[in-house]
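Me: I'd like to learn how to read a protein model. Could we go through it together, one feature at a time?

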Amino acid sequence: MTAQPDAGDEPVVKTTQEVGETAAAGGGPAGGLARRRRWIAAVAGGAVLLAGAGVVASTLIKSPSQAAAEARPPERSVLTSTVEYRVLTSSVIVRGQVVAGQSVDVAPQVAGGEDGAAPVVTKLPVKQGDRLKAGQVLLEVSGRPVFALPGRIPVYRDLKPGAEGDDVKQLQEALQALGHSTGGDTAGTFGAGTKAALNAFYAAIGYDPLPAVGDDGKGLKSAESAVTAAERALEEAKDAEGKGSAHAVQYAQDDLDEARDELAAAQAASGPRLPAGEVVFLQGFPARVDAVPGHVGAPVDGTMLTVSGGKLAVQAYLQEHQKGLVRKGQRVQIYSELTGIEAQAKVGSLADSLTAPDSGSGGGGGEGEPDGGASAAPGQSGYLLRVDPDKALDARLAGQDVRLTIEAARTDGKALVVPITALTAGADGRTTVTVLQPDNERRRVEVRTGTAGDGFVAVEPVGAARLAKGEQVIVGVKKGAAGQ
C-alpha cells in the first residue's frame with residue numbers, strides 16, 4: 001500500500017526520463033506490456049521458420065506410393081484388348097411368345113330355351129388361367145353343358161347313333177380314356193356300345209344327353225306297336241290256315257319281317273347324340289383358359305371364352321437382316337425373366353414370306369397353329385419363326401414373353417478371337433490387326449476372318465504372320481490422346 005501524502009505536503013513530480021527508467025527496471029505496467037510483445041514476436045517468427053521448413057521438406061521427401069506413381073511409364077494413348085482362344089458362337093437374340101399348339105375360341109352354337117328365348121350363359125365355372133382336365137365342363141348355355149374332350153379333329157357335325165367316320169373314332173377314344181367303355185362297337189361306328197358310353201359320360205358330369213331323334217320316342221313306340229300287330233296277324237293267319245289259303249300265312253310273315261326291320265332301324269337310330277355345340281376338342285391336356293370375355297347372364301353372341309391345348313411352343317418374328325442367319329434345326333435357348341425358367345430348344349420352322357400385321361378381328365370358333373404362317377399377332381410383322389422345345393415346357397410359361405437366343409454359327413472348336421473393332425481393312429483388300437508389344441512398339445498382323453458373333457470375330461494369321469493368345473491388339477484411341 002502506498003502512503004498518501006498529507007494535505008500540506010508538496011506533490012512529488014518526476015521527469016519523463018525518470019518514468020522511463022522506472023519502466024525499464026520493471027517497476028510499472030509499461031514493462032510487462034513490452035515483455036509480452038517481445039514473446040509474441042518470437043512465437044510468430046518460430047512459426048514462420050517451421051512452415052518454411054515444411055515446404056522444403058515436402059519437396060525433398062516422397063511417400064512410397066508417390067514414388068512408384070512417378071516411376072510408372074506414361075499412360076498409353078490407345079485402347080487395347082487381349083487376344084483370346086475359345087469357342088465363338090454367333091447369336092441372334094429376339095423376343096418370343098410362348099403359345100399352345102392349338103387355340104380355340106369357344107362360341108357355342110346352341111338352341112335357345114323351349115319358349116324360343118335367345119341362349120344365354122347360365123353357368124361359367126372357369127376363370128382365366130385355370131388348367132382344364134379332359135371331360136371338364138367349360139360353361140353352361142341355357143341349361144346345356146359345353147365341355148372339352150381330347151382330339152385333333154375339330155367338331156363339325158352332330159354325332160348320332162349309326163354315324164361313321166374318324167370323328168366318331170375320336171369320340172370313342174375320348175370316352176374310353178375317361179373310363180367309359182364302348183363295348184364291341186367297331187372303331188369309327190356309333191353303335192350300341194358308344195351309346196352306352198356317351199350316356200355314362202353325361203351322367204358323370206350331371207346332365208342328360210339330348211336324344212338323337214327329337215320325337216319324344218314316338219317313332220320307336222310306333223315301330224314296336226307295328227311289330228306287335230304283325231305278330232298277332234301271323235298267329236291269326238296260322239290258325240285259319242286249314243280253312244283258307246296258305247298265302248295268308250306267308251303275307252302275315254312278310255309283314256312281320258318288315259315291321260321287325262323297321263323296329264331295328266328305329267332302335268339303331270334312337271339313343272343319345274353329341275351336339276356339335278356342346279363339345280370342344282383339344283389336342284392335349286391339361287389345357288388352359290386364356291381369356292373369359294363372357295359372363296353369367298350374357299347372351300351367347302360370339303366368343304364366350306378362349307382355351308388352348310397341346311404342346312407349348314414359342315413363336316417370334318424375325319426381321320430381314322436376321323432371317324439369313326437362322327436355319328431350321330439351330331439350337332435355341334429360351335429364358336423367362338419373369339420366372340427365371342430356362343429351356344433348350346431348336347428352330348422348328350421359319351416362314352419364307354413376310355407376314356403382315358394382323359388386324360386382330362378374328363372369328364369365333366376358330367383353331368390356330370403357331371406355324372400356320374398366315375398372319376402375325378396384332379401389331380407384329382416379320383418372318384414367322386417357330387421354336388420347338390426339347391422337352392415339354394413348364395406350364396407356367398404359357399402366354400409369357402420370353403427371350404430367345406439362337407445360335408446362328410459356331411467355330412469348329414477353339415479359335416483365336418479378337419474384338420471386331422480390332423480389324424482394319426486396307427486399300428489393298430487385306431485385313432489386319434495391330435499388336436501393341438510390351439515395349440510399346442506396334443506390329444501389324446494380316447489375318448483371315450471367320451465366324452463373328454457377340455462383338456468378336458475368329459481370326460487366323462496369314463502366311464508367316466504371328467498372333468498368339470494373350471497379346472494385346474489395338475481397338476481404339478483414348479479420348480483426348482494427342483497426335484492420334
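Me: Let's start with strands. Which residue in β12 is the bridge partner of L132?
Reply: Keep in mind that this is a predicted model. The partner of L132 is A287, in β12. That bridge belongs to the pairing of strand β6 (residues 131–132) with strand β12 (residues 287–291), which is antiparallel and has 2 bridges.

Me: Which strand do 3 bridges join to β12?
Reply: That's strand β13 (residues 305–309), and the two run antiparallel. For a concrete spot, look at R288: its bridge partner in β13 is S308.

Me: What should I know about side chains when I look along a strand?
Reply: In a regular strand, side chains alternate between the two faces of the sheet. For another pair to practise on, take strand β15 (residues 331–335) and strand β16 (residues 342–350), which pair in the antiparallel sense over 5 bridges. There, Y335 stands opposite E342 in β16.

Me: What larger arrangement do β15 and β16 belong to?
Reply: They're part of a closed barrel of 6 strands, in the order β3-β14-β18-β16-β15-β19, with antiparallel pairing. On average, neighbouring strands of this sheet are turned by 40 degrees against each other, direction ignored.

Me: Now the rings. How is a pair of aromatic rings described?
Reply: You give the distance of the centres and the angle of the planes. This model has 3 aromatic pairs. In one of them, the planes of F147 and Y202 are at 85 degrees, so the pair is edge-to-face, and the ring centres are 5.7 Å apart.

Me: Where along the chain do F147 and Y202 sit?
Reply: In distant parts: F147 is in strand β8 (residues 144–150) and Y202 is in helix α5 (residues 192–205), 55 residues apart.

Me: Are F147 and Y202 buried or exposed?
Reply: Both of these residues are buried.

Me: What kind of aromatic pair do F201 and Y202 form?
Reply: An edge-to-face one, with 5.9 Å from centre to centre and 70 degrees between the planes. F201 is buried, as is Y202. Put the ring pairs together and you get a cluster of F147, F201 and Y202.

Me: Rings can have a charge over them too, right? Which residue lies over the face of F456?
Reply: It's R86, at 4.9 Å from the ring centre of F456. You can find a lysine case as well: K323 lies over the face of Y383, at 5.3 Å from the ring centre.

Methods. Residues are numbered from 1 along each chain as its sequence is written. This is a predicted model: local features need pLDDT of at least 70, side-chain atom pairs count only at pLDDT 80 or more; totals for chains, interfaces and linings use all residues. Side-chain values use heavy atoms; hydrogens and water are left out. Rings of Phe, Tyr and Trp (its six-membered ring) pair if their centres lie within 6.5 Å; planes under 30 degrees apart count as stacked, over 60 as edge-to-face and the rest as tilted. Helices (H or I, at least four residues) and strands (E, at least two) are DSSP runs, numbered from the N terminus. Buried means under 20% relative accessible area, exposed over 50%, partly exposed in between (1.4 Å probe, protein chains only). A charge sits over a ring if NZ of Lys or CZ of Arg is within 6 Å of the ring centre and within 35 degrees of the ring normal. Two strands pair if DSSP finds at least two bridges between them. Axes are lines fitted to C-alpha atoms, for helices over the stretch in contact, and angles run from 0 to 180 degrees between N-to-C directions.
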